[in-house]
Amino acid sequence: MPSVAPCALTLGKIPLEVKEVTTDSMAFYYCHTLGERIADAHRYDDVRLYDRAYRPSHLSDQPLSASEVRQLCTDEGVDAVISLDRLQFSIKGDVDPLYFLTHEPLRVEVSGLIRLSIPSDTLTMARTVHLSDTLRAALEGTIDSPEAISQAMRTVLREVSLYMADKSSSRFVPHWEPNVRWYYTSSSSAWKEASAYAAAEKWKEAAAIWHRLYDQARNGKVKARLASNIAVSEELCGNLSIASDWAERSYTHYLEYASVVDSTTLNRQRRYTEAMKQRLRSDKELRDWRK
């Protein structure tokens, strides 16, 4: 990895000379925090930190070969390797010429590459995670010399490294992400009965009524609402493929009446359709890893 990070600061819009902002410890901060977060999930027997460069050649993000992964796992007594193959930063911001404080939060661009490698006889199973984000970091206190500025920038990079490690740890441990789901109601007795089942989380019973109402409905917007309700009930019963189909059907019905459907409803259903497709992809990945 580069040993310094580009730092483009201005002093009252005039370019400011800044001493090199070294990044020599940022990889350690990132890896140490990533390992801690994975260990905290209690999904693995042990998580160890290999706290030195495995390869003598820097500035290379080539993946570990199958033989390197097998050797590393044998030497360290582990079953898999997570390697940080790249971590780069860039800092931009403006400094107040009176108090040497930043006018606005600094803009820190970070990019990186990490890989999960699992040894096998013929090939190395790997998952690649690309790190890419632009963060805003505020500074407190006066930075009135090049040395103080350089030290402040290192503090910023350290906090960014810890944040990125915390953010990316979820890619390596099972976790739950909260989401909001909704279902439509109506004043008819059948709708009320279905809503009562849904409120009691009896989704199969609710779905049976919504299916019957859908088959009887003639109004397109009503069919769109019922299709969305069926999608939710199927999702909460674990039938993701069926739920995705019904979410798509609901969105299609809404598109047929786009001229008289408010944009909030249309966009909400579109996002739900996309969310179900993503859940299907994630579920497939999980099943593939279990094989």
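An axis here is a line fitted to C-alpha atoms, for helices over the stretch in contact, and angles run from 0 to 180 degrees between N-to-C directions. The model is a predicted one, in which local features need pLDDT of at least 70 and side-chain atom pairs count only at pLDDT 80 or more, while totals for chains, interfaces and linings use all residues. Residues are numbered from 1 along each chain as its sequence is written, and side-chain values use heavy atoms, with hydrogens and water left out.

Select α1 and α3 (helices are DSSP runs of H or I, at least four residues, and strands are runs of E, at least two, numbered from the N terminus). Their axes come within 8 Å and cross at roughly 30 degrees, which makes α1 roughly parallel to α3 (the term covers angles under 35 degrees). In the contact (heavy atoms within 4.5 Å), residues of α1 including Tyr30 and Leu34 meet residues of α3, among them Leu157 and Ala165.

Now select Leu157 alone: leaving aside neighbours within four places in sequence, leucine 157 is in contact with Ala5, Val21, Thr23, Met26, Phe89, Ile91 and Val108.

Next, colour Tyr30, Phe89, Met153, Leu157 and Val160, the residues with the most contacts inside the largest nonpolar core, which has 33 residues. Such a core is a set of buried Ala, Val, Leu, Ile, Met, Phe, Trp, Tyr and Cys residues joined through side-chain atoms within 4.5 Å, where buried means under 20% relative accessible area, exposed over 50% and partly exposed in between, with a 1.4 Å probe and protein chains only. The largest share of this core, 8 residues, comes from α3.

Finally, go to lysine 92 in strand β5, which counts as partly exposed at 38% relative accessibility.

Technical notes: Parallel < 35°, antiparallel > 145°, perpendicular 65-115°, else oblique.
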